[in-house]
Amino acid sequence: MTPPPALSVRAVGSAALIVDLAGTGEVLALRAALEREIPNGVRELIAAARTLLITYDPAATGHEALAAEVTRRAAAVTGGATGDTPGAAGAALAPLTVPVRYDGPDLAQAAALTGLTTAQVIARHTAPDYTVAFAGFAPGFGYLTGTDPALRLPRRAEPRTEVPAGAVAVADGFTGIYPRSSPGGWQLLGTTSLPLWDERRDPPALLVPGRTVRLREVPR
């Protein structure tokens, strides 16, 4: 079977490999396929925007055998992949509703860049059901797919040195919510008071890969 375009499988040390794919939809489709039937020896699947890191037990399998199996699975599923195939444990969780005050400092600029009014930006941002595609950047930070294409905005030319906890933002086709104060370069549309990361919870993060997320506008 011919591997799909943009697919490559590379060794990372002696107990992991990384799969490069065309985009997030392909990553999620492959992760879901592997989770449905975990290949022998696989320990963990870690998704990112265009890669899937697979760690494995070298005593149970090897790079060549696992790479061949992953390539076969990828060829079978990624041709029709979409961002609607989340896989991951969060898919079994109840949808999470996040209250958002649309008071972000970049809201007016987002409207200007898209040719929409601020009310239209808010309406389009709260309309979809989002999926946590993967986590990264900081504990509790989830990359949400499902953002309206009209709101596909670039990162800021100059990142902020401090973004407040709870900031709701967009960049490069994703929506994200900052779980704690940190530097950041995304376009800030609003804020939420919902604590996204709490070490006393199990799991500590609310934005677990695979979970459905809905944004609800609340008064400023």
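Q: I would like to start with the charged side chains. How many salt bridges does the count come to?
A: The count comes to 11 salt bridges. Keep in mind that you are looking at a predicted model. To read such a pair, look for a side-chain nitrogen of Lys or Arg within 4 Å of a carboxyl oxygen of Asp or Glu.

Q: Let us try one. Which residue forms a salt bridge with Glu69?
A: Arg72 does, and the closest N and O atoms of Glu69 and Arg72 are 2.7 Å apart.

Q: Where do Glu69 and Arg72 lie?
A: Both are in helix α2, which covers residues 63–77. Their spacing is 3 residues, or about one turn of the helix. Both are also partly exposed: Glu69 has a relative accessible area of 22%, and Arg72 has 46%.

Q: Which salt bridge should I look at next, and what are the positions of Arg160 and Asp106 in the chain?
A: Take Arg160 with Asp106, where the closest N and O atoms are 2.9 Å apart. This pair links distant parts of the chain, with the two positions 54 residues apart in sequence. Arg160 is in strand β8 (residues 160–163), while Asp106 is in the loop between β5 (96–100) and α3 (107–114).

Q: Is Asp106 buried or exposed?
A: The idea is to compare the relative accessible area with a cut-off: buried means under 20%. Asp106 has 2% relative accessibility, so Asp106 counts as buried.

Q: Which side chain meets that of Asp148 in a salt bridge?
A: The side chain of Arg124 does, at 3.4 Å from N to O. Here too the pair links distant parts of the chain, 24 residues apart. Asp148 sits in the loop between β7 (142–145) and β8, and Arg124 belongs to helix α4 (residues 118–126). Asp148 counts as buried because its relative accessibility is 19%, whereas Arg124, at 34%, counts as partly exposed.

Q: Which residues do salt bridges that share partners join into one network?
A: They join Glu69, Arg72 and Arg73. You have already met the Glu69 and Arg72 pair in helix α2.

Q: Now a buried residue, please. Where does Leu144 lie, and what does it touch?
A: When you list contacts, set aside the neighbours in sequence and see what remains. Leu144 lies in strand β7. Not counting residues up to four places away in sequence, Leu144 touches Tyr130, Thr131, Val132, Gly173, Phe174, Thr175 and Val213. Its relative accessible area is 0%, so Leu144 is buried. You can also compare chain distance with spatial distance: Leu144 and Ala133 are 11 residues apart along the chain, and their C-alpha atoms are separated by 5.7 Å.

Q: What about Thr145? Is it buried or exposed?
A: Thr145 also has its place in strand β7. Its relative accessibility is 12%, so Thr145 counts as buried. From Thr145 to Ala47 there are 98 residues in sequence and 13 Å in space, C-alpha to C-alpha.

Q: Where is Pro105, and which residues is it in contact with?
A: Pro105 is in the loop between β5 and α3. Leaving aside neighbours within four places in sequence, Pro105 is in contact with Arg160 and Leu188. You will recognise Arg160 as the salt-bridge partner of Asp106. Pro105 and Leu189 are 84 residues apart in sequence, with 6.7 Å between their C-alpha atoms. Pro105 counts as exposed because its relative accessibility is 58%.

Q: Which phi value belongs to Asp172?
A: The sign of phi is what to look at here. For Asp172, phi is near 55°, a positive value in a residue other than glycine. Asp172 lies in the loop between β9 (167–171) and β10 (174–177). At 32% relative accessibility, Asp172 counts as partly exposed.

Q: Finally, the whole protein. What does its secondary structure come to, and what is its radius of gyration?
A: There are 4 helices and 13 strands. The radius of gyration is 18 Å, which agrees with the value near 17 Å for a compact globule of 220 residues. Along the principal axes, the C-alpha trace spans about 55 × 40 × 35 Å. Buried residues make up 49% of the 220. Among contacts between residues at least 6 apart in sequence, 61% join residues at least 24 apart. The accessible surface is about 10400 Å², with 53% belonging to carbon and sulfur atoms. As for charge, the mean positions of the 20 positive and 20 negative charges are 4 Å apart.

Note on methods:
Residues numbered from 1 in each chain as written. Predicted model: local features only at pLDDT ≥ 70, side-chain atom pairs only at ≥ 80, totals over all residues. Heavy atoms only, no water. Rg over C-alpha atoms; globule rule 2.2 N^0.38 Å. Buried < 20%, exposed > 50% of the residue type's maximum accessible area, 1.4 Å probe, protein only. Contact = heavy atoms within 4.5 Å. Areas by Shrake-Rupley, 256 points an atom, 1.4 Å probe, with all protein chains shown as cover. Lys, Arg positive; Asp, Glu negative; His and termini not counted. Charge placed at Lys NZ, Arg CZ, Asp CG, Glu CD.
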